[in-house]
Amino acid sequence: MNVNVDSQVVLDLFTTMNKIPRGSGNEKAISDFLVKFAKDRHLEVSQDEQWNVIMRKPASPGYEDRPSIILQGHIDMVCEKSADATHDFTKDPITCIIDGEWMHADKTTLGADNLMGVAMALAVFDSSTIAHGPLEGLFTTNEETGMEGAAAIKKGALQGQYLLNIDTEVEGEFIVSCAGGCRIDVGIPLLREYPSDIYDAALEISIDGLLGGHSGIEIHKQRANALQILARALYDLSHEYSYQLANFHGGSKHNAIPRKATCLLTVKKEDVPAIKNWFIAKALAYRAEFTPQDKDLTIVVTDATIPNTVYADDTTEALITFLFLAPNGVFSMSQSLDNLVEASNNLAIVKESDHTIDILISIRSSNRNTLAFIKDKLLRLADVLGLQHEVIGSYPAWEYDAGSKLEEQAISLYTTMFGKEPKVTAIHAGLECGLLKGALPNTQMISFGPTITGAHTPEEKVYLPSVTRIYTYLVALLKQL
């Protein structure tokens, strides 16, 4: 099929929208941009209380009897930056840098996940020459933090018979099923006391140099988790040297593998040289354990000022024990699909609030029974340690719709256009299709997109030739369906 498209319009829309801050929970401005975009083109548009946007475009002449199609993507992004970056995600535009055939940002996440898919959809709505049946656009919020946007979509809000989710990050892959999941928040009572007089020095310990990555898509790579590494180190240290823990924090997003964790210890001054040497040896051991995936793992130990207060022993014991014992990473592999993670758990964030140390945990599974097992395992561990806990943000798996006419047509067209069959698979990450099925039970769905690497990290980049090919394919698919 010969299709002539101008993919530059996609990149222009992407770079324009990337000037608008849109971290999860801060999507009103980008949502308002979409509403204005639709109104400027005299399209029907609505915006709900979650800042989701739905827009509609009539069918092209001669295509009125075709199935109605929903183009869907999310407008929020994961906000991650390098340690030396000064970027403020609440007000600064994302810098789009083209380096050969790739685009990346300046020491921050690029947000191609999922703004490039949104830009493709908007390019279709903007065009007067692309042939298509009745179109609906669904642009959701808070996908990266719990899919609250998709969860707010009500039955009857959309009528599409087919839904194209443009949120897959490997060109040539078609996703037809995804994992469900939930988040667990554990609260450790934050009790403080004055440092003991026997501790006359302080050290800051930082785990750094880790790759991190998406806790669904890249969990199978068994990358090191900075929070658990630091907890392991402190557990081992307690058997050789005495100390008091004054602070512990790390991780930034529930769906990102923590790349950095830091703590503050009070110690005996006489032990400082030995403790520093101990951490040098420990770093070598961890680096060997996690090579090649995290060969740059480092433990940085620096002298610090003795703090005014430290954690009480019960607080320290509960924190280190929970992080030491909690499962993390791949829990089980699928027995029906090769090389697919069935269930996993990510110890995502540790941070202090006014009265608790909060641990945020993300669980994913394509098997409901396994999901319940991991959840109950963590809740039981919290109960044994006397800790508060809450299960929030549950979302269902997207179950495979065998024999889908949409899948058949999408695969056939891709094979014809590119001379090779695409890979049809499931994904361990969560996609909004699982939640949207609740509002659209009879809508056939499929997910695809351009190649994006390093999602949810400052190394995120998008392959521009892939953007051109996938947009060309999208235009052709809309004409055929």
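# A guided tour, helix by helix

Start by selecting I229, R232, A233, D236 and L237 in helix 5, then add I275, W278, F279, K282, Y286 and E289 in helix 6: these two groups meet each other. By residue type, this contact between helix 5 and helix 6 has 7 nonpolar members, no polar ones and 4 charged ones. Keep in mind as you look around that this is a predicted model.

Now show the two helices as ribbons. Helix 5 covers residues 226-237, and its axis lies 11 Å from that of helix 6, at an angle of about 135°. Helix 5 and helix 6 are therefore oblique to each other. If you turn the view to look through the pair, the crossing you see is right-handed.

**Next stop: a cis bond after helix 6**

Follow the chain out of helix 6, which spans 272-289, into the loop that leads to strand 14 (298-304); P292 lies in this loop. Select T291 together with P292 and look at the peptide bond from one to the other: this bond is cis, with omega near 15°.

**Zooming out to the domains**

Colour the chain by its domain assignment: domain 1 takes in 5-179 + 398-480, and domain 2 takes in 182-364. How far apart are the centres of domain 1 and domain 2? Taken over C-alpha atoms, the centres are separated by 35 Å. At the contact, domain 1 supplies 18 residues and domain 2 supplies 21 residues.

Between them, domain 1 and domain 2 bury about 1,500 Å², and 55% of that area is on carbon and sulfur atoms. To see the domain 1 side, select E80, H428 and H456, the residues there that lose the most area to domain 2. Together these three make up 40% of what that side buries.

**Over to helix 1 and helix 3**

Move on to helix 1 (residues 8-17) and helix 3 (residues 112-126), whose axes come within 8 Å and cross at roughly 125°. Helix 1 and helix 3 are therefore oblique to each other, and their crossing is right-handed.

For the side chains, pick V9, V10, L11, L13, F14 and M17 in helix 1; they meet A112, L115, M116, V118, A119, M120, L122, A123 and D126 in helix 3. How do the residues of this contact divide into nonpolar, polar and charged? The contact of helix 1 with helix 3 has 14 nonpolar residues, no polar ones and 1 charged one.

**Small details around helix 3**

While you are here, select D113 and N114, which are joined by a cis peptide bond with omega of about 10°. N114 sits in helix 3 itself. Then step back along the chain to K107, in the loop between strand 5 (102-104) and helix 3. The phi angle of K107 is near 65°, a positive value in a residue other than glycine.

**Last stop: helix 1 and helix 11**

Return to helix 1 and bring helix 11 (residues 464-480) into view. The axes of this pair are 9 Å apart and the helices pack at an angle of about 115°. Here too, helix 1 makes a right-handed crossing. Select V9, V10 and L11 of helix 1 with L464, V467 and Y471 of helix 11 to display the contact. Its residues are 6 nonpolar, no polar and no charged. You may recognise V9, V10 and L11 from the earlier stop, where they meet residues of helix 3.

Notes: Residues numbered from 1 in each chain as written. Predicted model: local features only at pLDDT ≥ 70, side-chain atom pairs only at ≥ 80, totals over all residues. Heavy atoms only, no water. Axes fitted to C-alpha atoms, helices over the stretch in contact; angles between N-to-C directions. Helix = DSSP H or I, 4+ residues; strand = E, 2+ residues; numbered from the N terminus. Parallel < 35°, antiparallel > 145°, perpendicular 65-115°, else oblique. Left-handed = near helix turned anticlockwise from the far one by under 90°. Contact = heavy atoms within 4.5 Å. Nonpolar A, V, L, I, M, F, W, Y, C, P; charged D, E, K, R; others polar. Domains from an automatic or database assignment. Buried area = accessible area lost by both parts, 1.4 Å probe.
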